[in-house]
Amino acid sequence: MCLTCGCGQPGHVHSHDGHSHDHDHDHGHSHDHGHDHGHDHSHEHASALGVTHDPDLSTARVVQIEQDILSVNNRHADANRRFLKDRGIFTVNFVSSPGSGKTTLLARTITDMKAKFSFSVVEGDQQTENDAERIRATGAAATQVNTGKGCHLDAHMVGHALEHLDPDAESVLFIENVGNLICPSAFDLGEAHKIVVLSVTEGEDKPLKYPDMFYEADLMILNKVDLLPYLSFDVDSCIAFAKQVNPDIRILQLSATAGDGLDEWYEWLSARRDATIAARNRAN
């Protein structure tokens, strides 16, 4: 997790569309939209960074720090989830290795379905606004979260992004996480579903190499299937490995560029968005 890879060190700053939040300070201010983030910056991955390199720290202490980080993150995630549930916003957290085609898939989905319902996107990257600009070109609202040296989004970052986006009720929110198949698996962002995107240009054994991510995901999208004739990727083995890690995972095969399999993906998305709205209506 991020305690061993080096993200989130004290003084780490993440930015949201041009303004920054230093993880060491206390905000001391309230947020709009009625969701309470708590803003306990004692988590800030802060005391965590580098601890595994300190010979004076016991394994038990490292485990306790990990638990404390995740506990505070989960409180922020719960606040995000309440906010999203109250508005009937269907939220998906996309995770993958870099270059799997997440942004292309999101842009294609929004372009094809924006006549049906509203979209907004939280884009996570270490640097640049490139992916947010690609999303905005579709007409959807997008806010970029740059994590600096951080290797994943956390729920606190997403809470700030929600304030900026102010997504429409009964809309769809896509969270595109930082390209990384390790750390994002541990961090709940308040999403309804975690979707792992795997490209056929990667190895079919990725589910076995990074089992936590595939175990946590509800859906695996096997992307770029239009390239299969030019590759030695073994689809059946990949699916078997994913099912070995997570027997309940659903798998869709598609190409975000060529359009193969997109109808099934759009049906999945529409059905769950409608169920989110129905649940909100029942609650009200």
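Is V172 buried or exposed? V172 is buried, with a relative accessible area of 0%. Here buried means under 20% relative accessible area, exposed means over 50%, and partly exposed lies in between (1.4 Å probe, protein chains only).

This is a predicted model, in which local features need pLDDT of at least 70 and side-chain atom pairs count only at pLDDT 80 or more, while totals for chains, interfaces and linings use all residues. Residues are numbered from 1 along each chain as its sequence is written, and side-chain values use heavy atoms, with hydrogens and water left out.

**View 1. The protein chain as a whole.**
The protein chain contains nine helices and nine strands. Helices (H or I, at least four residues) and strands (E, at least two) are DSSP runs, numbered from the N terminus. Of the 284 residues in the protein chain, 52% are buried. Among contacts with a separation of 6 or more, 73% are between residues 24 or more positions apart; a contact means heavy atoms within 4.5 Å. The mean pLDDT of the chain is 85, and 80% of its residues reach 70 or more. Over residues 8-53 the pLDDT is below 50, and this stretch has 122 contacts in the model beyond near neighbours in sequence. The pLDDT is the predictor's confidence in each residue, on a scale from 0 to 100.

**View 2. V172 in strand β6.**
V172 is part of strand β6. Apart from residues up to four places away in sequence, V172 touches F90, F117, S118, F119, S120, L269 and R273. One of these partners, S120, is 52 residues away from V172 in sequence, yet their C-alpha atoms are 6.5 Å apart in space.

**View 3. E176 in strand β6.**
E176 is also placed in strand β6. With a relative accessible area of 3%, E176 is buried. Leaving out residues up to four places away in sequence, E176 touches F94, K102, T103, L106, V122, E123, G124, D131 and L153. Of these partners, K102, T103 and L106 are buried residues of helix α3.

**View 4. Helix α3 from end to end.**
How far apart are the end C-alpha atoms of α3? They are 16 Å apart, which agrees with the 16 Å that the 12 residues of α3 should span at 1.5 Å a residue. The expected span is 1.5 Å times one less than the number of residues in the helix. The buried residues of α3 are K102, T103, L105, L106, A107, T109, I110 and M113.

**View 5. Helix α3 against helix α9.**
Helix α3 (residues 102-113) packs with helix α9 (residues 262-283) at an angle of about 75°, and their axes are 12 Å apart. The axes are lines fitted to C-alpha atoms, for helices over the stretch in contact, and angles run from 0 to 180 degrees between N-to-C directions. The two helices, α3 and α9, are therefore roughly perpendicular to each other. Angles of 65 to 115 degrees count as roughly perpendicular, under 35 as roughly parallel, over 145 as roughly antiparallel, and the rest as oblique. On the α3 side, L105, R108, T109, D112 and M113 take part; they meet L262, W265, Y266, L269 and S270 in α9. The residues of this contact divide into six nonpolar, two polar and two charged. Ala, Val, Leu, Ile, Met, Phe, Trp, Tyr, Cys and Pro count as nonpolar, Asp, Glu, Lys and Arg as charged, and the others, Gly among them, as polar.

**View 6. S97 in the loop before α3.**
The loop between β3 (90-96) and α3 holds S97. S97 counts as buried, at 11% relative accessibility. Its contacts, not counting residues up to four places away in sequence, are K102, G179, N180, L181, E202 and K206. S97 and V178 are 81 residues apart in sequence, with C-alpha atoms 8.3 Å apart in space.

**View 7. G88 and E170, two loop residues in contact.**
G88 sits in the loop between α2 (59-87) and β3. Its relative accessible area is 0%, so G88 is buried. Outside its neighbours within four places in sequence, G88 is in contact with E170, S171, T276, I277 and R280. E170 lies in the loop between α5 (155-165) and β6 (172-176). At 27% relative accessibility, E170 counts as partly exposed. Phi of E170 is near 60°, a positive value in a residue other than glycine.

**View 8. K224 in the loop after β8.**
The loop between β8 (219-223) and α8 (235-245) contains K224. K224 is not a glycine, although its phi is positive, at about 70°. With a relative accessible area of 23%, K224 is partly exposed.
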